[in-house]
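Open the model in your viewer and colour it by chain. We will go from one stop to the next, selecting as we go.

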Amino acid sequence: MRRLFLIAATALLVASAGCGGSSSSNGVVNVTVWHGYEDIEGKAMTSAAARFNATHPKIHVTVQNYGNADYALQKVLTAIRGGAYPDIAYLYGSWAANIARSPTAVDLSSRIKEPGVNWNDFWPAERQAVQVGDKVIGMPALVDNLALVYNKKLFDQAGIPYPTANWTWDDFRAAAQKLTDPSAKQFGWAYVADGSEDTVWRFDALLWQAGGDILNSDNTKAEFNSPAGVQAATLLQQMATVDHSVYLDNGNGNYANLFNSGKIAMLFTGPWDLSSFPDVDYGVQVLPGLTNHQTISGPDQWVLFDNGSERTQAAWTFLKWFTSPQQAMIWSTQTGDLPIRASQTQLPGYDAYVKKYPGVSVFVQNEANAVKARPVIANYNEVSQAMGQAIQAVLLGKGQPQDELDQAADQVDQTLATGQ
Amino acid sequence: MISRAARSEHVSGWLFVAPAALLIGIFGILPIGWAALLSFQNNDLLTTPTWVGTQNYHTLVNDPVFRQSVNHTIVYTLLFVPLSVGGSLALAMLLNARIRFSWFYRTAVFIPVATSTVATGLIFNWLLEPTYGVANYLLGKVHLGPYGFFQNPDQALYSIVAMTVWGWLGFDVIVYLAALQGVPESLVEAARLDGAGRWATFRHVVFPLVSPATLFLIVWSTINALQVFDEIYVTTRGGPLHATTVMVYYLYSQAFEFFHAGYAAAIAEVLFAITLVFSLLQLWLGNRRVHYGS
Amino acid sequence: MRWPLPFSPRHLALMPIAALMLLPLGWMLLTSIQTLPESRHFPPVLIPSGIHWQNYPDAWNAAPFGRFFANSMIVTLSAVAGNLVFCSLAGYAFARMRFFGRDVLFVALLATLMVPFQVTMIPTFLIVQKMGLVNSLPALIVPNLVTPFGIFLLRQFFRTLPIELEEAARMDGCSRLGVLVRVVLPLSMPALATLTIVTFLWTWNDFLWPLIVITSTNQSTVQLGLAQFQGAHQTNWTLLMAGNVMALAPMLLVFIIGQRWFVQSLASTGLK
């Protein structure tokens, strides 16, 4: 038994002798791309790579699903630390500022000026998300924004007219109240209340609408505890603890299934959720606002890593091709993701795209409402956590808006001061 | 002067443990050394680290969330260990009988252990959901609740205890079942014939004979409980309001959300110290109380 | 008091417990036979409209699961074999032999369990990388060939065995190794079966370490394959659960077979 095992072990060691990425063999440069797409998007990714490889004989792109994108950071950090990282990786926008500090992340600021890139064609929110100081550390991969998604049938049943583009917070709150029915366990609205960034970014949209900001302009002090912030937090507090019209989701995505089951009337959510609602006749509208209807966008990006100049150039060639208007349009049509370029709305395929995915045109137009972005700083996650805890406390009725926001602001000021 | 026999015993002893010691030395002890070094650095795993001496530890002492996490970890452990070890012994006694379908019951008890944490988290998210969940529905029928469970800061940690005890009971059960095989029926019968009741037989015959397994399970469960993470990650994510932030969750978020790997390593070192103290205490007490041999 | 019913009273206690314990499997099975839109309901639909078996072949074909199962099997069986061998050797030494530094070494080995993996995974990765094993099956096997858990478990079990048998064998001229193999191990089947089951369980279900160390599909394991059903925003629950059920199957098989060995009667061995 033991001998057999030793033989087997040796055979395994010999057979699986290393396979890192080789840079080139017979003049073909190998490029590795890590992504977290599965299902439809996964297939779209694979076919995009195939299309590229067919038209670019000197470069061979391999796409690799790294599993759940939530784990991507651990995997990428380990890989960077071990010197075994890919050429391109899909990373969440919130990691940008930190990844930028690694010497392995390639600065694209000169490359984006190349002809054909048309940097300003990308939405403002995307461009802001990859700009870390004076470095550009990625190409836009995904853009989305928050809009109001509602269940038409529930509105009809309650006899309320559908939300309009001029809805105010008061209209919204009143509708939520009318759409809440405790005996049927039906809620007018749902909010992700787990204290994570999911909790914070919806609040950000309201904060901005009220004229507030998260941090001051040089990112040294918190400003979300201003009267605007308190106003936004108070809306949440009133709806959750007084009206009881808000379903508090604990971060596990129940709200989507509940909405699909007709138990929730309205959501602040993005285009990625639409395919989770096959049983609902939904409508999409811009967010209810005050003097404006600002929203928030959550772009993710493709980060380029330095594996030597040959591979970097090849990887850039792929990224440039992949994010070009035509390829981006093919991607949007296959996956339902929003166009990453404003010019895509003028392309011939755009109408077919809008027809294929109901409600998506509102999201595209709503992108113009995403004028502000979250600060792209290395310790943004700590700012996020402080704010998230404050909002969660308010939603659970464990604290008053001004107190909670002030407390969070103190914490954030400290964090920003020590740079820790 | 060590006798020849004793010397050869030393040598054979080391030869027997050598492969294990080598492998664990490389894959266990080296990484821990690295982690200890990391705790004296300011390291984000991306850029060049800087040495900061004991600064991380000083920060820990004044960190209210850290203190909370220690508190939560210990409360969790003090609940989890007795419940799971005690409960599993009772369950093992029930299962250690030649009744029909015993293989089925044993397999059923084992299933939660074999199920992925993701699936377990999903089920409990549904069971304990405050508005639509089964638990509040049933409790409502007997005029209790509704409870917030995972969403109530005062109940969340206890809900995690319930979830993890349920998930790990089967593991302890199989260890106890194996141990119970070493309890000779003849002894049990002899005790009965002497007039001992069921409880007395258990207390004076069975329990001492399975005490090596009990010691093992207590030490093992403690080490694991102090490091609970996965179940919290798939349900409450350390919340609400840090109610379920235990030490490993805290260090995970420090390392992989805030990029403070050095600080996370310092937390790990404190956890290590706490675990070592618990284990040594248990082993020492165990050596006095545990009954080996027949 | 005579029990009036034809079955043991234990059933009355065991049935509700078994029902509670079977909840995850029931839920997984239920979700795995639903259609995707059906799964997007909360509270979950308890009585599905039909049995959508198609999820199983769909899940299997979504990724090269045949390859993943083979890889997982190789890794897991190797880890089990390694543990059985090395933990027996070490466990016996700690249980019966006196050697310099024994207790310190034992605590040191146990101590390696006391630092969470989230911290040790990066240096472990670096070590594996220095050995040139990244993205290979040995990377998954070698660090798992022996665990302090197994050593501790066997040490405890070996110490419960009557030492007279071992002494008798030694007096008959048996070497230490001979005593271990011919006398101790045959009497330790329950413990060895337990170790087999537990090692199989952990290695089979291991996720984080393979995630970090494996970068290509050919070397992926079943758990990595399942993770692909969980996207950033969307999870394909029906395929995920179908995949989970399939992944659970070998585990349960090993357990059911292993039961023969860890629940056995010693009454016939003439031991006591």
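How many residues of chain B are in contact with chain C, and how many of chain C with chain B? In this predicted model, select both sides and you will have 91 residues of chain B and 97 residues of chain C. Together the two chains bury about 8,500 Å² between them, and carbon and sulfur atoms give 80% of that area. On the chain B side, show Phe16(B), Phe27(B) and Trp126(B): these lose the most area to chain C, together 9% of what that side buries.

Next, look for polar links. The two chains have 14 residue pairs in polar contact. H1(B) gives the most to the side of chain B that touches chain C, with 21 residues, and that side as a whole divides into 69 nonpolar, 16 polar and six charged residues. The rule finds one salt bridge across this interface: select Glu9(B) and Arg176(C), whose closest N and O atoms are 2.8 Å apart.

Now select helix H5 of chain B, residues 117–127. Nine of its eleven residues are buried, so the rest of the structure largely encloses this helix. Among the buried ones are Phe124(B), Asn125(B) and Trp126(B). Add the partners they pack against: H6 (134–141) and H7 (156–180) of chain B, with H1 (10–32) and H14 (237–262) of chain C.

Finish in chain C with helix H4, residues 65–96. From first C-alpha to last, H4(C) reaches 45 Å, close to the 46 Å expected. Colour H4(C) by accessibility and you will find 24 of its 32 residues buried.

Methods: Residues numbered from 1 in each chain as written. Chains lettered and ligands numbered in written order. Predicted model: local features only at pLDDT ≥ 70, side-chain atom pairs only at ≥ 80, totals over all residues. Heavy atoms only, no water. Helix = DSSP H or I, 4+ residues; strand = E, 2+ residues; numbered from the N terminus. Expected span 1.5 Å × (residues − 1). Buried < 20%, exposed > 50% of the residue type's maximum accessible area, 1.4 Å probe, protein only. Contact = heavy atoms within 4.5 Å. Buried area = accessible area lost by both parts, 1.4 Å probe. Salt bridge = Lys/Arg side-chain N within 4 Å of Asp/Glu carboxyl O. Polar contact = N/O pair within 3.5 Å; in protein donor to acceptor, adjacent residues only side chain to side chain. Nonpolar A, V, L, I, M, F, W, Y, C, P; charged D, E, K, R; others polar.
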